[in-house]
Structures are given as structure tokens and as C-alpha cells.
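Please examine the sequence and the three-dimensional structure shown below. The paragraphs that follow treat a pair of helices and a bound ligand.

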Amino acid sequence: MSVYETTNERETFEIGYKIAQNSLPGEIYCLIGDLGVGKTVFSKGFAEGLGITESITSPTFTIVQEYDAEKPLYHFDMYRIEDPDELEMIGYEEYFYGKGVCLVEWANNVENVIPHEAKWIYIEKDLEKGFDYRKITIK
Ligand code: ADP
Ligand code: MG
């Protein structure tokens, strides 16, 4: 388990960037945190760490958004998934066991399809430590 603390957007971006740089094809990173905590900031850093220059948009309407690179990024948003069949329909296993790196937002909605080896990243606020403070825990 690793814990990082950030006090601004750039630091959270940098953590995403470094984790992506060290990632391996076929790895799955689940990203968990409340609205407005910095998941998109982290994701943008993550994409840039994979050498992706395209801007990352929310994959909300497509479940998964694919970004081409040497290690492609498969960016999932499981927010609206209610039934694992929806995942079967998009062929999620091709992504999970593919040559790219998966970044899965709201993975807790589909916990039973997430492989055991997946890494879980939690971003949390702690208002006692300031409005821009974030704790990032990786398990
Ligand atoms: P989410 O995708 O989790 O809903 P966003 O990444 O879209 O959240 O937004 C996070 C907001 O919090 C941004 O406006 C960002 O500038 C702000 N922010 C303040 N401090 C931090 C920090 N330490 N890390 C990340 N974002 C921060
Ligand atoms: Mg977001």
C-alpha cells in the first residue's frame, strides 16, 4: 500500500503521470473517489504519462473510451452500469486482458468482474487539512 498527499491539482496530475509511466500492459487501475475529488485530474495525468496527447473526456456515454499509444489507455466509467451484462456486451474482457492499461472509474459498481490483481486507487478529501488537500491511497 502507498499513500500520497497532495495540496494542489498539479501534484495529483503528477501522481497519475508517474503511475502510468510505470504501468505494464494488461494492468488494471481502479479509481475511486467522490465527485469533485480529482479523478479527472488524475486521469489526465495518467493519460499524459502514457504519452497520450489527446484530451481525456469523460467516457460516461460509452462506458469505455480508447486512446491509442504504445501502451493504449482504456478509460472506463462504470457509473451507470447496473447489470454486468452491459459489460459483457462491450466485450470488456478484451480490454481487461489486452495490451493496454485500464483505468476504471466507479469500479466499485462492478466489483465482482474486477480481477484480483487490479490495483485500487482511492482519492479522498480531508477538509481539516485544507480545501485543496487530497489523500491518494493505492492498494
Ligand atoms: P472528479 O473527476 O473526481 O469529479 P475533477 O478532477 O473533475 O473531479 O475535479 C477536481 C477539482 O478539484 C478541480 O477543480 C481541481 O482544480 C480541484 N482540486 C483542488 N485541489 C486538488 C488536488 N489536490 N488534487 C486534485 N484536484 C484538486
Ligand atoms: Mg471526473
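Is the crossing of H1 and H2 left-handed or right-handed? The crossing is right-handed, meaning that the near helix is turned clockwise from the far one by less than a right angle. This is a predicted model, in which local features need pLDDT of at least 70 and side-chain atom pairs count only at pLDDT 80 or more, while totals for chains, interfaces and linings use all residues. Residues are numbered from 1 along each chain, chains are lettered from A and ligands numbered from 1 in the order written, and side-chain values use heavy atoms, without hydrogens and water.

Helix H1 spans residues 9-21 and helix H2 residues 39-49; they pack at an angle of about 40°, their axes 7 Å apart. H1 is therefore oblique to H2 (neither under 35 degrees, nor over 145, nor 65 to 115). Among the residues making the contact (heavy atoms within 4.5 Å) are Phe13 and Tyr17 of H1 and Phe42 and Phe46 of H2.

Glu9 belongs to this helix contact and is also one of the residues that come nearest to ligand 1, together with Thr12, Gly36, Lys39 and Asp132. A polar side-chain atom of Glu9 lies 2.4 Å from an oxygen atom of the ligand. Backbone atoms approach nitrogen atoms of ligand 1 at Asp132, at 2.8 Å, and at Asn8, at 3.2 Å.

Methods. Axes fitted to C-alpha atoms, helices over the stretch in contact; angles between N-to-C directions. Helix = DSSP H or I, 4+ residues; strand = E, 2+ residues; numbered from the N terminus. Near = heavy atom within 4 Å. Polar contact = N/O pair within 3.5 Å; in protein donor to acceptor, adjacent residues only side chain to side chain.
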